[in-house]
Amino acid sequence: MLGIEWLKPGVFFGSMLFALMGVAIFWICFVIIDKLTPYDLWGEIVEKRNMALAIVVAAMCIAIGLIVSAAVHG
């Protein structure tokens with residue numbers, strides 16, 4: 001049975017800290033990969049509607065998210 005352990009301030013703020021840290025690391029990784037590519041990812045996906053690139057970027061985002069979540073979780 002799930003107790004109310006997660007409502008304790010230490011647990012709650014610790015979870016928020018790890019969530020924000022994970023989002024920040026994900027964002028930094030995405031910016032680095034965006035800078036490493038020879039073209040503007042956002043312009044290609046949104047303006048030119050490049051569906052293949054959108055799928056590759058989505059897969060990359062999922063992979064980075066899994067790596068960051070595993071690193072943050074421990």
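Here is a short look at the overall build of this chain and at one of its residues, Glu44.

What you see is a predicted model. The chain has three helices and zero strands, so don't go hunting for a sheet; going along the sequence, the pattern reads α-α-α. How spread out is the chain, set against a compact globule? Its radius of gyration is 17 Å, while the globule rule gives 11 Å for 74 residues, so the chain is more spread out than a compact globule.

Here are some whole-chain values in one place.

| Property of the chain | Value |
|---|---|
| Box filled by the C-alpha atoms, along the principal axes | roughly 50 × 25 × 20 Å |
| Share of the 74 residues that are buried | 12% |
| Accessible surface | about 6,100 Å² |
| Share of that surface from carbon and sulfur atoms | 78% |

Now for the charges. The chain carries 4 positive and 5 negative ones, and the mean positions of the two groups lie 3 Å apart.

Next, zoom in on Glu44. You'll find Glu44 in helix H2, which covers residues 41–47. Is Glu44 buried or exposed? Its relative accessibility is 17%, and buried means under 20%, so Glu44 counts as buried.

Which residues does Glu44 meet? The side chain of Glu44 makes a polar contact of 3.2 Å with the side chain of Lys48. Leaving out residues up to four places away in sequence, Glu44 also touches Tyr39, Arg49, Asn50 and Leu53.

Definitions and conventions
Residues are numbered from 1 along each chain as its sequence is written. This is a predicted model: local features need pLDDT of at least 70, side-chain atom pairs count only at pLDDT 80 or more; totals for chains, interfaces and linings use all residues. Side-chain values use heavy atoms; hydrogens and water are left out. Helices (H or I, at least four residues) and strands (E, at least two) are DSSP runs, numbered from the N terminus. The radius of gyration is taken over C-alpha atoms; the globule rule is 2.2 Å times the number of residues to the power 0.38. Buried means under 20% relative accessible area, exposed over 50%, partly exposed in between (1.4 Å probe, protein chains only). Accessible areas come from the Shrake-Rupley method with a 1.4 Å probe; for residues, only the protein chains shown count as cover. Lys and Arg count as positive and Asp and Glu as negative; His and the chain ends are not counted. The place of a charge is taken as NZ of Lys, CZ of Arg, CG of Asp or CD of Glu. A polar contact is a pair of N or O atoms within 3.5 Å; within protein, one must be able to donate a hydrogen and the other to accept it, and residues adjacent in sequence count only if both atoms are side-chain atoms. Contact means heavy atoms within 4.5 Å.
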